[in-house]
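Please open the structure in your viewer and keep the selection tool at hand, since each stop below begins with something to select.

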Amino acid sequence: MRAGEKGILAFLAVMVVGLIAYRSMHTVPVKDRDQGIPFYTTAAPEVKRKAEVLYKRLGCADCHSLWMVRNMLETVPAPALDGIGSLRDEQWFYDYFSAKNPQAILPSRLKPEFQMPSYAHLPDEERHLLASYMSSLKVKPWYLNETKKAEYEKLTGKKYQASTDE
Ligand code: HEC
């Protein structure tokens, strides 16, 4: 084989390998694609604005995170509220905020000073506003499934079989 032919063969080999590599990088399975931030709210802008003022005034962010925001000085292991409205409905939130003892509705494993406080003393209108806002905080189904799957596999050590292929 002449030097020129070797050169052409080497060139072709590089092209083929390159093409295969390119193809394998660009046909990514659906579940590995970046699907963006899975949390959103369905609240009207006015409801969202009013509720967030109240949320801030009442210091909810001392314990909870929402939209990645949380008071960094506090270390209470309270649940994140993003997507919470996909798990519970408005009536549940209203009853929870109105309860004299919220732990009767949702039991707590925390020390009393870290537990969810009662907001029964708030005006009815404010409890409704909070409940309406909380129920508007949704999470996209694919993320909920991924989270359930991760949780299941962590707890059981078994592979999770999704009930629906989405
Ligand atoms: C002192 C810390 C603290 C503050 C302040 C606080 N929470 Fe909580 N919250 C918790 C904890 C902890 C829980 C989990 C239940 C428990 O341990 O009592 C919880 C539970 C909840 C839940 C139920 C979550 C679920 O899993 O269903 C909602 C909704 C909620 N809080 C909303 C709020 C809102 C809105 C505010 C402000 C008005 C607020 N919380 C203020 C600590 C707090």
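Begin by selecting Met68, which is exposed because only 9 other C-beta atoms lie within 10 Å; here a residue counts as exposed with 12 or fewer such neighbours, as buried with 20 or more, and as partly exposed in between, the C-beta atoms being placed from the backbone. What you have open is a predicted model, in which local features need pLDDT of at least 70 and side-chain atom pairs count only at pLDDT 80 or more, while totals for chains, interfaces and linings use all residues. Residues are numbered from 1 along each chain as its sequence is written.

Met68 is found in the loop between H2 and H3, and it has a positive phi of about 70° although it is not a glycine. Select Trp67 next, in the loop between helix H2 (45-57) and H3; its phi is near 55°, again a positive value in a residue other than glycine. Trp67 is partly exposed, with 14 other C-beta atoms within 10 Å.

Now colour the chain by secondary structure, where you should find five helices and two strands, running α-β-α-α-α-β-α from the N terminus on. These elements are DSSP runs numbered from the N terminus, with helices (H or I) of at least four residues and strands (E) of at least two.

Move to helix H3 and select Tyr96, which is buried, with 20 other C-beta atoms within 10 Å. Leaving aside neighbours within four places in sequence, Tyr96 is in contact (C-beta atoms, placed from the backbone, within 7 Å) with Pro102, Ile105 and Leu106. A distance drawn between the C-alpha atoms of Tyr96 and Leu106, ten residues apart along the chain, should read 8.3 Å.

Which residues of the largest nonpolar core touch the most other members? Select Phe93, Leu130, Tyr133 and Met134, out of 14 residues in that core, a core being a set of buried Ala, Val, Leu, Ile, Met, Phe, Trp, Tyr and Cys residues joined through C-beta atoms within 7 Å. The elements giving two or more residues to this core are helix H3 (90-98) and helix H4 (124-135), and H4 gives the most, with five residues. Staying on Tyr133, and again leaving aside neighbours within four places, look for its contacts with Ala43, Val47, Lys48 and Ala51.

Finally, select the ligand and the 26 residues that surround it, of which the closest are Cys60, Cys63, Ala78, Ser108 and Met116; a residue is included if its C-beta atom, placed from the backbone, lies within 6 Å of the molecule.

Terms used:
Contact = placed C-beta atoms within 7 Å.
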